[in-house]
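Welcome! Here are some notes to keep beside you as you look around this model for the first time.

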Amino acid sequence: MDFILPAVLSLGLISIISAIVLYIVSKKFEVREDPRIAEIQAILPAANCGGCGYPGCSGFAAACVAASSLDGLLCPVGGAATMTRLAGILGKTVERSDPRIAVLHCNGRCEKRPRLNRYDGLSVCAAASLLYGGETGCSYGCLGMGDCVAVCNFNAIRIHPETLLPEIDEARCTACGACAKACPKQLIRMLKKGPDSHRVYVACMNKEKGAVARKACAAACIACSKCVKICVSQAITLENNLARIDEEKCILCGQCVAECPTSAIVEHIKNKIESC
Amino acid sequence: MLKTFHIGGIHPPECKLSAGGKPVVLPVPGQVVIPLSQHAGAPAKLLVAKGDEVRTGMLIAEASGFISARIHSSVSGVVSKIDDVADAGGYRKQAVVIDVKDDVWEDAILREGQTLPTDDLPAEEIIERIKKAGIVGLGGAMFPTHVKLTPPPGCKADVLIINGAECEPYLTADHALMLEKSEEILTGVRLLMQACQVERACIGIENNKRDAIEKLSALAPHYPGVEIVPLKVCYPQGGEKQLIDAITGRRVASGALPISEGAIVDNIGTVFAVYEAIVRNKPLIERVVSVTGKQIKNPCNLRVRIGTPVRHLIEYAGGLPEDTGKIIGGGPMMGRALINADIPVTKGTSGILLIASQEAQRQSSRNCIRCAKCVAICCMGLEPNYLMNISEFKQWELMKKNRVMDCIECGSCSYTCPAHRPILDHIRMGKNEVRKQEARNA
């Protein structure tokens, strides 16, 4: 039995020394995290989409706590409701931002944009756009290989089987902006969702002169400036042969939509795309 | 034993259908389209306006920056419009459209047979004349030659390497030029040696061009310092770094320029352009183009004015075969499909290759079987299969660490892959992302 005592003693001694070392180390190298970070993280949607510009929800939570004001910080997925709750936790105020949504700025469906050649390479827009301008005469338009679909974390985009253009699901899109970053032609932009999903935008990015753009695509903006003249709120300007609608000035009267000869200006009402 | 580079390499079927043919001068077309961006770097700045009369060899656009090149009119006539015109990839870029009238040359250009004295020209003078003539690398990369000949401070070239490898299957333009203009090319090499002040120049020629090797070797003793080096037939022998390795045994480090190893590499076509610029005062307004393909009636080498629509070349060679799948600008390995046949010939068009639909069709990609063929043949010692895998997961940082920027896009990996995986497409995408990241960080 005389082997029990030294064993108990030596083990006991080792554990006491370890306990002291661990205690000192844990005190010395303690990382004090603001408890509010965990609290905020709990109310964030945990989508980790990166739409806010920070690496995941925890990164955004830490940024919110560290920031002196919440201006410029927005969780696009949670939207205004989440931001208000978040501001409540931090005791800060948040400016109300309008909900946004991803909008495709191309209306070059198959019947409007004739295919002039055939691409048989890697079916990724980023790869194709490095090689050439695309299968149609418009080098600004949608390539239709779905880089935006692949990056969407919310299953909000699909390639429409008939138009072969990406279609964005109103209900699912959180305006995180991942698709806008993925599109090599910069065709997707985050626009204001508008009252009752009512919005008017130019669904074209073709910067060619009218005749050239029209030849490539029947739905192209031909820079005729009819919309500029008819707009009552001076919201439309022409830049680089392309009409641009200022979201702040637009009153959604829809006159430009009726005036546009190529239906490049699209009016979105509820869940239905209306174009003349 | 024949010299060659030491890492990787493949030997695709040579298919040099147009070999042996002397370059035929293609009649000047009714209209030419001269793009202002025919070189690496900034597009040239326009000097003419609509309605202006131009003569053959007249300067129509000035270089706009350090890396840029002049552009000259390749025909005489009237500028009918200045407009954006689709390039080979369908992106519209500024170009000068000229309606041809007669063929009146600038007075300063000497006609065939006349020569200017070239002895004891100082190096600066030669480089200046090359710059004035708008000469760019005619192998396809279109890098302004005068920039290449002006090494960065602290670097000194000790050997000039002339690329007569023409390792791409089908292409024979350089071969034809070497046979037709042997003496001119050797004189051009001497002039380039003078320009970069080196005592030694090597012309590397693949061994499938025996006639060119023999002809140049017989003449070379009259040109001190010029050596003819026969090379093993192996793709991509004509890659800059591969050629330096093959001829001198020196390895250019990752990310470094050939000048870091004291070498300057120029293409045969470029050498001939330099000869014409200095001896005949003629700017770069025409080049030799191979028009070839298995279906085409009369594969040939044509001397073509820059800006001639590709359609004219194909018509001369017997017309567009019924079953054409792709029209490729360049060779089958590195060339790119043209969007249509109205694309003009530019300074970098080394060949027009017509491929039948069935051969042009890419096969559907299957899973990687880990045979490592792509690793074995990669001439830059990369792991193409791994690069493709990480590109699929968008690991751009990791791609950069794995030296993706070293890739010369020779296409051997995609060619050799038994599972037909689009390896190069993925690598190219990764390179683009890495480049974007570097631009952001800069």
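**Notes for a first look**

1. Let's begin where the two chains meet. The contact draws 20 residues from chain A and 19 residues from chain B. Please keep in mind that this is a predicted model. About 1600 Å² is buried between chain A and chain B, and carbon and sulfur atoms account for 54% of that area. On the chain A side, look for Asp120(A), Leu122(A) and Leu130(A): together they supply 36% of the area that chain A buries against chain B, more than any other three residues.

2. Charged pairs also cross this boundary. Three salt bridges are found across the interface of chain A and chain B. A good pair to display is Glu208(A) with Arg92(B), a salt bridge whose closest N and O atoms are 3.3 Å apart. As background, side chains of opposite charge can pair when their charged atoms come close.

3. Now for the wider count: over all chains there are 37 salt bridges. One of them, by the N–O cut-off of 4 Å, joins Arg100(A) to Glu247(A), with the closest N and O atoms 3.4 Å apart. This pair links distant parts of the chain, as its partners are 147 residues apart. Arg100(A) sits in strand 1 (residues 100–104) of chain A, while Glu247(A) lies in the loop between strand 7 (242–245) and helix 10 (255–259) of chain A.

4. Next, turn to chain B and its helix packing. How do helix 4 (residues 182–196) of chain B and helix 7 (residues 268–279) of chain B cross? Their axes come within 8 Å and cross at roughly 80°, which means that helix 4 of chain B is roughly perpendicular to helix 7 of chain B. By class, their contact has eleven nonpolar, two polar and one charged residues. From helix 4 of chain B come residues including Glu184(B), Ile185(B) and Val189(B), and from helix 7 of chain B residues including Phe272(B), Tyr275(B) and Ile278(B).

5. Helix 4 of chain B has another partner to look at. The axes of helix 1 (residues 123–132) of chain B and helix 4 of chain B come within 7 Å and cross at roughly 115°, and the crossing is left-handed. Ala123(B), Ile126(B), Ile127(B) and Ile130(B) of helix 1 of chain B make this contact with Leu191(B), Leu192(B), Gln194(B) and Ala195(B) of helix 4 of chain B. Those residues divide into seven nonpolar, one polar and no charged. Leu191(B) and Leu192(B) also take part in the contact with helix 7 of chain B.

6. Further along chain B, helix 11 (residues 384–392) and helix 14 (residues 423–441) pack at an angle of about 60°, with their axes 9 Å apart. Helix 11 of chain B is therefore oblique to helix 14 of chain B, and their crossing is left-handed. Pro384(B), Leu387(B), Met388(B), Ser391(B) and Glu392(B) in helix 11 of chain B meet Ile423(B), His426(B), Ile427(B) and Met429(B) in helix 14 of chain B. Six of these contact residues are nonpolar, two polar and one charged.

7. Finally, some backbone details to check. Most residues other than glycine have a negative phi, and most peptide bonds are trans. Tyr235(B) and Pro236(B) are joined by a cis peptide bond, with omega about -5°. Pro236(B) is placed in the loop between strand 11 (226–231) and helix 6 (240–248) of chain B. Where is Glu166(B) found? Look in the loop between strand 9 (159–164) and helix 3 (173–180) of chain B. Phi of Glu166(B) is near 40°, a positive value in a residue other than glycine.

Notes. Residues are numbered from 1 along each chain as its sequence is written. Chains are lettered from A and ligands numbered from 1 in the order in which they are written. This is a predicted model: local features need pLDDT of at least 70, side-chain atom pairs count only at pLDDT 80 or more; totals for chains, interfaces and linings use all residues. Side-chain values use heavy atoms; hydrogens and water are left out. Axes are lines fitted to C-alpha atoms, for helices over the stretch in contact, and angles run from 0 to 180 degrees between N-to-C directions. Helices (H or I, at least four residues) and strands (E, at least two) are DSSP runs, numbered from the N terminus. Angles under 35 degrees count as roughly parallel, over 145 as roughly antiparallel, 65 to 115 as roughly perpendicular and the rest as oblique. A crossing is left-handed if the near helix is turned anticlockwise from the far one by less than a right angle, and right-handed if clockwise. Contact means heavy atoms within 4.5 Å. Ala, Val, Leu, Ile, Met, Phe, Trp, Tyr, Cys and Pro count as nonpolar, Asp, Glu, Lys and Arg as charged, and the others, Gly among them, as polar. Buried area is the accessible area (1.4 Å probe) that two parts lose on being put together, summed over both. A salt bridge is a side-chain nitrogen of Lys or Arg within 4 Å of a carboxyl oxygen of Asp or Glu.
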